[in-house]
Amino acid sequence: MLNSPEIWDFGEILNRNLGNCTLLTTPSVRSRVTDWPFNHATSVGHLDERLDTLVVIGGGTLIDEAKAWRAHRAPRTFLVAVPSIWGSGAEASPVIVLDHNGAKEIHIGNQYLPDVRCVWPELASSLSPEQALYACGDAWSHALEGFLSPLAGHSLREDLASVLVTMKSLPVSNDSRWFEPSAAACAGQARSSVGLVHGIAHTLEPVMRASYPREGWGHARLCATFVWPVMRYNQARGDRWTSLTSQYGLDGSAMLDCIESLHDSGNYETAMAHMEGAWKEVLRDPCTRTNSTLVRPDSLAWFMNRAFL
Amino acid sequence: MTNREKLQDLLQDILLLDPSEFRFDLMRDDVQMWDSLAVVAIAVGVDETFGYHFTPEEAMTIKGVPDIMALLETKSISFAE
């Protein structure tokens with residue numbers, strides 16, 4: 001089984017004795033929780049280190065900040081994570097990705113794992129179709145790259161194959177059933193590694209944010225854009241895609257169809273315009289270096305020429 | 001392409017070396033990029049290039065290019081010049 005924090009029903013947050021509790025939320029969620037009987041905070045900078053419980057409701061970035069704050073500043077604080085969107089799986093993983101002036105810093109350790117995670121299904125309904133699609137791309141990337149990773153063992157691959165089957169059965173929409181497989185995928189990849197999709201996303205995200213500051217370029221959008229081309233690359237350049245999908249009873253071509261539906265050629269063109277300048281950094285990224293198929297300097301041409309089409 | 005050329009090509013790509021920086025007696029300590037992630041990438045690359053997958057135990061014994069060649073020689077992959 002994939003390691004994951006204890007799971008609570010959403011109502012338990014209000015019914016349990018959480019002691020001195022603060023609610024840390026993103027702006028999109030705040031109006032839904034103003035009447036909750038807790039202290040409210042808008043950033044980790046406002047948190048009291050003597051807290052008994054911190055409940056964080058937000059996206060991956062805010063949850064990771066809360067995980068880092070708890071680990072480094074208040075290790076006795078009980079941490080409850082409620083994702084406002086799926087994809088990052090931050091609520092279920094011992095990994096944190098911190099942004100230092102555009103540079104991504106990744107830390108892994110059990111001290112970062114929340115004590116409890118819970119799903120608030122209604123938050124899914126507030127997502128736009130575009131947000132939902134990008135979040136699905138993020139979730140698919142974690143599951144596929146974790147499954148294909150050269151560092152994955154047999155039992156992890158079995159678990160992630162089951163997650164992939166679930167994902168394949170879900171519609172690409174704001175459906176709250178995505179929260180569970182997304183959390184499982186993230187917990188799984190933390191036990192192996194991710195690959196080139198994440199190497200590209202980590203490298204290009206600061207570039208895209210700086211170049212198009214008002215166009216919503218973030219991690220999930222880059223994952224949705226590149227997961228299909230990268231899996232086609234893995235399929236074309238090595239035998240791991242074919243052998244592992246077959247070995248674990250997965251329908252590789254149906255999965256490629258699913259992730260192709262997440263691909264937007266306009267987004268790809270826009271991102272690829274920055275790829276040549278970023279490629280050396282992509283090659284050096286730790287995620288790229290554990291891709292299931294070797295990524296070489298000349299692999300750039302495969303992506304530039306759109307050989308996956 | 002000979003096996004020596006294939007191995008040189010592979011390691012240059014993984015370790016991001018210029019051809020002038022590569023030597024067949026290169027050791028792990030000589031190359032900044034030759035960290036634990038490079039060991040994983042070398043195992044993947046050797047599998048793709050020579051069709052042999054190092055066991056984790058074999059991968060742990062690799063301290064330099066001569067060790068890679070010696071391991072592959074035991075699998076009948078020759079690096080004779």
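**Exercise 1. Determine which residue of strand 8 of chain A is the bridge partner of Ala81(A), and place that pair in its sheet.**

Solution. In this predicted model, the bridge partner of Ala81(A) in strand 8 of chain A is Arg117(A), where helices (H or I, at least four residues) and strands (E, at least two) are DSSP runs, numbered from the N terminus. Strand 8 (residues 116-118) of chain A runs parallel to strand 5 of chain A, and two bridges join them; two strands pair if DSSP finds at least two bridges between them. Strand 5 (residues 78-83) of chain A is also joined by six bridges to strand 4 (residues 53-58) of chain A, again in parallel, and there Gly58(A) stands opposite Pro83(A). Five of the six residues of strand 5 of chain A are buried, buried meaning under 20% relative accessible area, exposed over 50%, and partly exposed in between (1.4 Å probe, protein chains only).

Residues are numbered from 1 along each chain as its sequence is written, with chains lettered from A and ligands numbered from 1 in the order in which they are written. Local features need pLDDT of at least 70 and side-chain atom pairs count only at pLDDT 80 or more, while totals for chains, interfaces and linings use all residues, and side-chain values use heavy atoms, with hydrogens and water left out.

**Exercise 2. Describe the salt bridge between Glu180(A) and Arg117(A), and state what the pair ties together.**

Solution. The two side chains meet at 3.0 Å, N to O, a salt bridge being a side-chain nitrogen of Lys or Arg within 4 Å of a carboxyl oxygen of Asp or Glu. Because Glu180(A) lies in helix 7 (residues 179-189) of chain A and Arg117(A) in strand 8 of chain A, the pair ties together parts that are 63 residues apart in sequence. Arg117(A) is buried, at a relative accessible area of 5%, whereas Glu180(A) is partly exposed, at 35%.

**Exercise 3. Check the span of helix 9 of chain A against expectation, then locate its kink.**

Solution. The expected span is 1.5 Å times one less than the number of residues, so the 19 residues of helix 9 (residues 219-237) of chain A should span 27 Å, and the 25 Å between its end C-alpha atoms agrees with this. A kink of about 40° lies at Phe226(A), shortly before the proline Pro229(A), the bend being the angle between axes fitted to the seven residues ending at a residue and the seven starting there. Finally, 14 of the 19 residues of helix 9 of chain A are buried, so this helix is largely enclosed by the rest of the structure.
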